[in-house]
Amino acid sequence: MGDGSPISSGLSSLKKVILKALTENQILLLHEINSNSTKTVTTLVNELSSKLKIPISTLKLNSRILKKLDLIEFEISQPVELTDTGKLILTILER
C-alpha cells in the first residue's frame with residue numbers, strides 16, 4: 001500500500017469508507033469473531049461486555065446489524081463466523 005498504484009489507492013479509499021460506515025463496536029466485533037471462531041455470539045457478546053464494560057444490548061444490536069449486512073453469520077448454539085465479505089472487510093481494515 002502507498003505505492004501509488006490504482007489498487008493501493010482504491011484500497012485506501014475503501015478503508016476510509018468502511019471506517020465511516022462501521023462503528024467502533026462493529027469493528028471490534030469483527031476482530032473478536034475472527035479471533036474467537038468457536039464461540040457463540042451470546043458468549044462472545046457477554047465476554048466483551050464484561051471485559052470492556054460495553055452494554056450487552058449495544059453489542060447485541062451491533063451483532064444483528066453485522067448479520068443484516070452479511071458480514072457475520074450465526075445461529076442459536078452455533079459459533080459465530082465471519083462471512084467471506086466480513087473477511088474481506090477485515091483484511092482491508094488491517095492494511
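Okay, let's start with one term: when I say nonpolar patch, I mean residues with over 30% relative accessible area and no salt bridge, whose nonpolar side chains are joined within 5 Å. Keep that in mind, and keep in mind too that what we're looking at is a predicted model.

So, which residues form the nonpolar patch on the surface? They're L61, I65 and L69, and together they offer about 240 Å² of accessible area. Take I65, which sits in helix α4. I65 counts as partly exposed, because its relative accessibility comes out at 30%.

Let me step back to the overall layout. The protein has 5 helices and 2 strands. If you walk along from the N terminus, the order is α-α-α-α-β-β-α. There are 95 residues in the protein, and 35% of them count as buried.

Now the pocket. The largest one has a volume of about 190 Å³. It's lined by 13 residues, and the closest to its centre are V41, T42, K60, F74 and I76. As for elements, the ones that give two or more residues to that lining are α3, which is 41-52, and α4, which is 56-68. Which of the elements gives the most to the lining? That's α4, with 4 residues. So helix α4 turns up twice in this talk: I65 of the patch lies in it, and it gives the most to the pocket lining. If you're wondering about the chemistry of the lining, it's a mix: 4 nonpolar residues, 5 polar and 4 charged.

On to charges. How many salt bridges does the structure hold? The count is 2.

One of them pairs E47 with K39, and the closest N and O atoms there are 2.4 Å apart. Are these two buried or exposed? Somewhere in between, as it turns out. E47 has 37% relative accessibility, so it counts as partly exposed. K39 is at 22%, and partly exposed means between 20% and 50%, so K39 falls in that class as well.

In the other salt bridge, the side chains of E75 and K67 meet, at 4.0 Å from N to O. The cut-off for a salt bridge is within 4 Å, so that's the number to look at when you have this pair on screen. E75 is exposed, because its relative accessible area is 54% and exposed means over 50%. Its partner K67 is at 34% relative accessibility, so K67 counts as partly exposed.

Last topic: backbone angles. Most residues other than glycine have a negative phi. Two residues here go the other way, and you can find both in loops.

Start with K53. K53 isn't a glycine, yet its phi is positive, about 60°. Where is K53 found? In the loop between α3 and α4. K53 counts as exposed, because its relative accessibility is 69%.

Then there's S77, another residue other than glycine, with a positive phi near 65°. S77 is found in the loop between β1, that's 72-73, and β2, that's 81-82. With a relative accessible area of 60%, S77 is exposed too.

So, to recap: a surface patch of L61, I65 and L69, a largest pocket of about 190 Å³, 2 salt bridges, and positive phi values at K53 and S77. That's what I've got, thanks.

Technical notes: Residues numbered from 1 in each chain as written. Predicted model: local features only at pLDDT ≥ 70, side-chain atom pairs only at ≥ 80, totals over all residues. Heavy atoms only, no water. 1 Å grid on protein atoms, 1.4 Å probe; cavity = no way out; pocket = protein on both sides within 12 Å on 5 of 7 lines; lining within 4 Å. Points joined across faces, edges and corners; volume = space filled by probe spheres on them. Nonpolar A, V, L, I, M, F, W, Y, C, P; charged D, E, K, R; others polar. Patch = residues over 30% accessible without salt bridge, like charges linked within 9 Å, V, L, I, M, F, W, Y side chains within 5 Å. Areas by Shrake-Rupley, 256 points an atom, 1.4 Å probe, with all protein chains shown as cover. Buried < 20%, exposed > 50% of the residue type's maximum accessible area, 1.4 Å probe, protein only.
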